[in-house]
Amino acid sequence: MSRPLPRKLMVINKQKISCNMLRITLGGDALQDFPLDQESGYIKLHFAKEDVLEGDIEQQLRSDDAQTRPTLRTYTVRQQRQDPCEIDVDFVVHEGGPASDWAINSQQGEQIYVAGPGKKKLVDVTADWFFLAADMTALPAISVNLALLPDNARGYAVIEVLEQADIQPLAFPENFELHWVINNHQQGTSLLLDAVKALPPLPGKPSVWLACEFTSMRALRQYFHADLQINRRSVYASSYWKLGLTEEEHKRVKSVDNLAEQA
């Protein structure tokens, strides 16, 4: 028996939300059974390999050969709506990536296969204070987490973007501090870490949420674990990409790092 195909969704709308971020709205009948409340959950976008099976993505999807199957890219559900059923997916646009190229060139009515959603990774809203840090690839996920915080939440969010024009209006608690860092990655990967270290820890039990480039993530994780001595169970740290690597290469590096971290 052939495996079921991922959902085939349709491009409903396309919106430039900053100079380096593009929002694609996906919809269609296949979203009718998509679970509710999936904002910040991840999905897998499928892109056909043009040089395999004549570029036929449905043949590639049904193949048992991993080398034949479509290229996958992981993205976050930024917003979700019912009636009509739609999800928004935000793309950091850059040259040479299959997902970015697709988002830039996509047209209304175009279809794409999407798997998921995967498990959401949310901040612990019962903590005494919060520290969230992310780069632009995790801007959709950190935006959802900030909006979920209690109205009386205290703490910090530090977000790295490529340009000043990429700063977006976000919802966050009144007593929260939101800091933006501008880094086009020609200045190294330490700017996010430096901005985080400049903010003093608060009293009480923290909840730390980190999502960014691999090298930055490891440095931030080390800072909260070793320097601030925050319990590992209070720190969620994930790398969304690694400078110079494809998602497939990054996945392998990330797997080795996760094993070492759990040892």
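Strands here are DSSP runs of E with at least two residues, helices are runs of H or I with at least four, and both are numbered from the N terminus. Keep in mind that this is a predicted model. Let's work through it together.

**Exercise 1. The barrel**

Task: Find the order of the strands in the closed barrel, and say in which sense they pair.

Solution. Start by tracing the ring. The closed barrel has six strands in the order 1-2-5-4-3-6, and the pairing is antiparallel. Next, look at the twist, which averages 45 degrees from one strand to the next. Then zoom in on one pair: strand 2 (residues 21–27) and strand 5 (residues 86–92) run antiparallel and are joined by seven bridges. As a check on the register, find Arg-23, whose bridge partner in strand 5 is Asp-90.

**Exercise 2. Prolines and positive phi in the loops**

Task: Locate the cis peptide bonds that precede Pro-84 and Pro-117, and place each proline between its strands.

Solution. Begin with Pro-84, which sits in the loop between strand 4 and strand 5. Its cis bond is with Asp-83, and omega is about 5 degrees. Move on to Pro-117, in the loop that runs between strand 6 (111–115) and strand 7. Here the cis bond joins Gly-116 to Pro-117, with omega about 10 degrees.

Task: Asp-37 has a positive phi, and so does Asp-83; is each of them buried or exposed?

Solution. Take Asp-37 first. Its phi is about 60 degrees, although the residue is not a glycine. Asp-37 belongs to the loop between strand 2 and strand 3 (42–47). With a relative accessibility of 57%, Asp-37 passes the 50% cut-off and therefore counts as exposed. Now return to Asp-83, in the loop between strand 4 and strand 5. Phi of Asp-83 is near 50 degrees, again a positive value in a residue other than glycine. Asp-83 has a relative accessible area of 75%, so it is exposed.

**Exercise 3. Strand 7 and its neighbours**

Task: Why is strand 7 described as largely enclosed by the rest of the structure?

Solution. Count first: six of the six residues in strand 7 (residues 129–134) are buried, so the strand is largely enclosed by the rest of the structure. Now split the strand by face, because side chains in a regular strand alternate between the two faces of the sheet. One side of strand 7 carries Trp-129, Phe-131 and Ala-133, the other Phe-130, Leu-132 and Ala-134, and all are buried.

Task: Which bridges tie strand 7 to strand 10 and to strand 8?

Solution. Toward strand 10, strand 7 pairs in the parallel sense over six bridges, and Ala-133 has Leu-210 as its partner there. Toward strand 8 (residues 155–161), the strands are also parallel, with five bridges. In that pairing, Leu-132 is matched with Ala-157, and Phe-130 stands opposite Gly-155. Finish with the cover on strand 8, where seven of seven residues are buried. Gly-155, Ala-157, Ile-159 and Val-161 point one way, Tyr-156, Val-158 and Glu-160 the other.

**Exercise 4. Two cysteines**

Task: How many disulfides are there, and why is Cys-212 not bonded to Cys-19?

Solution. The count is zero disulfides. For Cys-19, the nearest cysteine sulfur is that of Cys-212, 20 Å away. A disulfide needs two cysteine sulfur atoms within 2.5 Å, so the 20 Å from the sulfur of Cys-212 to that of Cys-19 is too far for a bond. Now compare their surroundings: Cys-19 is partly exposed, with 27% relative accessibility, whereas Cys-212 is buried at 1%.

**Exercise 5. The second largest pocket**

Task: Describe the volume and the lining of the second largest pocket.

Solution. First, the space: about 190 Å³. Second, the lining: 14 residues, of which Asp-124, Ser-207, Arg-233, Ser-234 and Val-235 are the closest to the centre. Third, the elements: strand 10 (206–213) and strand 11 (235–241) each give two or more residues to this lining, and the largest share, four residues, comes from strand 10. Last, the chemistry: seven lining residues are nonpolar, three polar and four charged.

Notes: Residues are numbered from 1 along each chain as its sequence is written. This is a predicted model: local features need pLDDT of at least 70, side-chain atom pairs count only at pLDDT 80 or more; totals for chains, interfaces and linings use all residues. Side-chain values use heavy atoms; hydrogens and water are left out. On a 1 Å grid over the protein atoms alone, a cavity is a set of points where a 1.4 Å probe fits but cannot get out, and a pocket is an open set with protein on both sides within 12 Å along at least five of seven lines; lining residues have an atom within 4 Å of a point. Grid points are joined across faces, edges and corners, and a volume is the space filled by probe spheres set on the points. Ala, Val, Leu, Ile, Met, Phe, Trp, Tyr, Cys and Pro count as nonpolar, Asp, Glu, Lys and Arg as charged, and the others, Gly among them, as polar. Buried means under 20% relative accessible area, exposed over 50%, partly exposed in between (1.4 Å probe, protein chains only). Two strands pair if DSSP finds at least two bridges between them. Axes are lines fitted to C-alpha atoms, for helices over the stretch in contact, and angles run from 0 to 180 degrees between N-to-C directions.
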